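Trainee: I'd like a close look at the aromatic rings in this model, please. Could you spell out the cut-offs as you go and keep it in one connected account?

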Amino acid sequence: MGFFDFFSKPENIEQKGDAFFSSEAFGPAKLEYEKALSRHQKKQAADPDFQKRIQEKIQQACEGLAWMHKKRGEELVEADCLKEANEAFLLALSLTEKQEVKEDLNRLMKEEKKEILPLENTVPEERDQALSRHDEFFEDEQDVFAALCHTMTEEEQNAYLGYGDAFVKGFVALNNGDFVSASRNLSLALEENTPNTGYIPLELATCYMNMGDNDNAETLLNTFLKAHPDSFKGIQLLSELMWAGKNFQAVDDLLASCPDKISDTIFICLLKGENLLQAEKTDQAVNFCLECLEKKGRDPSLVEFLAKAYTRSREHKKALELYRELINTCFARGVLPGFDLKRQFAESSVRAMDVTADLLEIYFSLLDQDPGSRAHYFKRISQIHDLLGNTDEAEKFRSLAAEY
């Protein structure tokens, strides 16, 4: 993932959810998928099937949560905590859409002579109480807030922890995609902490951006960057606002005014290159990135950006060489390539007409990881079989693509 992906693309928020999901952290995964869907409403993902895929992943996360509640309920039954067990089973019912799971849960409750109707048959008050308990268990504000702050620097963590309850509520709401609540609470936090507002304008600006209120967002970001001129996130977000207004010269001016200690960082180089791509100066972006690579070495973020620029200029063989380099670097470090890198490598291979039977295996693995894009992947598999001369197989997968 490139530096300029932070808080920008719904696909990148989705990847964060995937990371949680693969670790069976289904609650945080659900939160991230919901954020990705909300972000998609404001900034459309490139994939036309994105919304369908994310909705499926949200339900998969819900099924994972249901499984955890069911497992917890069974453990509580063994401990003879029948009331608590039934609450866990009821929460599982509120989350699952699988009929066999619902039947199994009702069976478990009946066996303990604590029969509870399926959630869709309960009165609204009971449903609300069940969902409220689910929120308390998996989405406690303080726990979520602590998790969100965990990856920050010590300085940022200390600041965020000192802004008060309104900020905690607003920050959690922002990261949960509830922008109305976020704007209300973050605005209150801004008032409560004036004049020492710290990072609050940055988070409130992020909220306004997601709500489409770019004017207020830009005002807050300019205020914030006067106090924190070296904030990568602030520079990134203000650049995005300017890109939305096609004000590419303003981005150049912003990046040129960065403090010396960050002006030559890879982050700023990537933003300068992205500004050229946004302005459709693709050849200049390629040349700029080649210069950066010559000065700074084969940094993976720069290599990935150059591959993106080559793809934009339809130099697919050059892009493929770079994606292959990135994959080989992963293996050399003992790390498996991420989903997005595999997808980009596969897509570049097809565009460059460089296909082998091994490429089929990559697309089959993408099918498992990204079921919402099955139509596209089946189409690619069909194309590869065509290029390999397997006409019968090509037709079979073409038919499968048509079913989605």
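Mentor: Happy to! A term to settle beforehand: a residue is buried when its relative accessible area is under 20%, exposed when it is over 50%, and partly exposed in between, using a 1.4 Å probe and protein chains only. The model is predicted, so local features need pLDDT of at least 70 and side-chain atom pairs count only at pLDDT 80 or more, while totals for chains, interfaces and linings use all residues. Residues are numbered from 1 along each chain as its sequence is written, and side-chain values use heavy atoms, with hydrogens and water left out.

Now to the rings. A pair of aromatic rings is described by the distance of the centres and the angle of the planes. Here, rings of Phe, Tyr and Trp (its six-membered ring) pair if their centres lie within 6.5 Å; planes under 30 degrees apart are stacked, over 60 edge-to-face, and the rest tilted. The whole structure holds 13 such pairs. One of them joins Tyr160 and Tyr199, which are tilted, with 5.5 Å from centre to centre and 45° between the planes. Tyr160 belongs to helix 8 (residues 154–160), whereas Tyr199 sits in the loop between helix 10 (179–193) and helix 11 (200–211), so this pair ties together parts 39 residues apart in sequence. Helices here are DSSP runs of H or I with at least four residues, and strands are runs of E with at least two, numbered from the N terminus. Both partners are covered: Tyr160 is buried at a relative accessible area of 3%, and Tyr199 is buried at 10%.

A further pair is Tyr163 with Phe167: their centres are 5.0 Å apart and their planes meet at 75°, so the pair is edge-to-face. Tyr163 is buried at 8% relative accessibility, and Phe167 is buried at 0%. All these rings belong to one aromatic cluster made up of Phe145, Tyr160, Tyr163, Phe167, Phe171, Tyr199 and Phe224.

What does Phe167 touch beyond its neighbours within four places in sequence? Counting heavy atoms within 4.5 Å as a contact, Phe167 meets Phe145, Tyr160, Asn185, Leu186, Ala189, Ile200 and Glu203.

The cluster also leads us to the packing. A nonpolar core is a set of buried Ala, Val, Leu, Ile, Met, Phe, Trp, Tyr and Cys residues joined through side-chain atoms within 4.5 Å. The largest one has 50 residues, and Phe145, Tyr160, Phe167, Phe171, Leu221 and Ile235 have the most contacts inside it. A second core, separate from that one, has 43 residues, including Cys269, Val303, Leu320 and Leu359.

Cys269 takes us to helix 16, where Cys269 is among the buried residues, together with Ile266, Phe267 and Ile268. Of the 13 residues in helix 16, 11 are buried. Those buried residues pack against helix 13 (232–244), helix 14 (248–256), helix 15 (260–263), helix 17 (282–296) and helix 18 (300–312). As a geometry check, the expected span of a helix is 1.5 Å times one less than its number of residues. Helix 16 (residues 266–278) should therefore span 18 Å, and its end C-alpha atoms are indeed 18 Å apart. Just after helix 16, Glu280 has a positive phi of about 65°.
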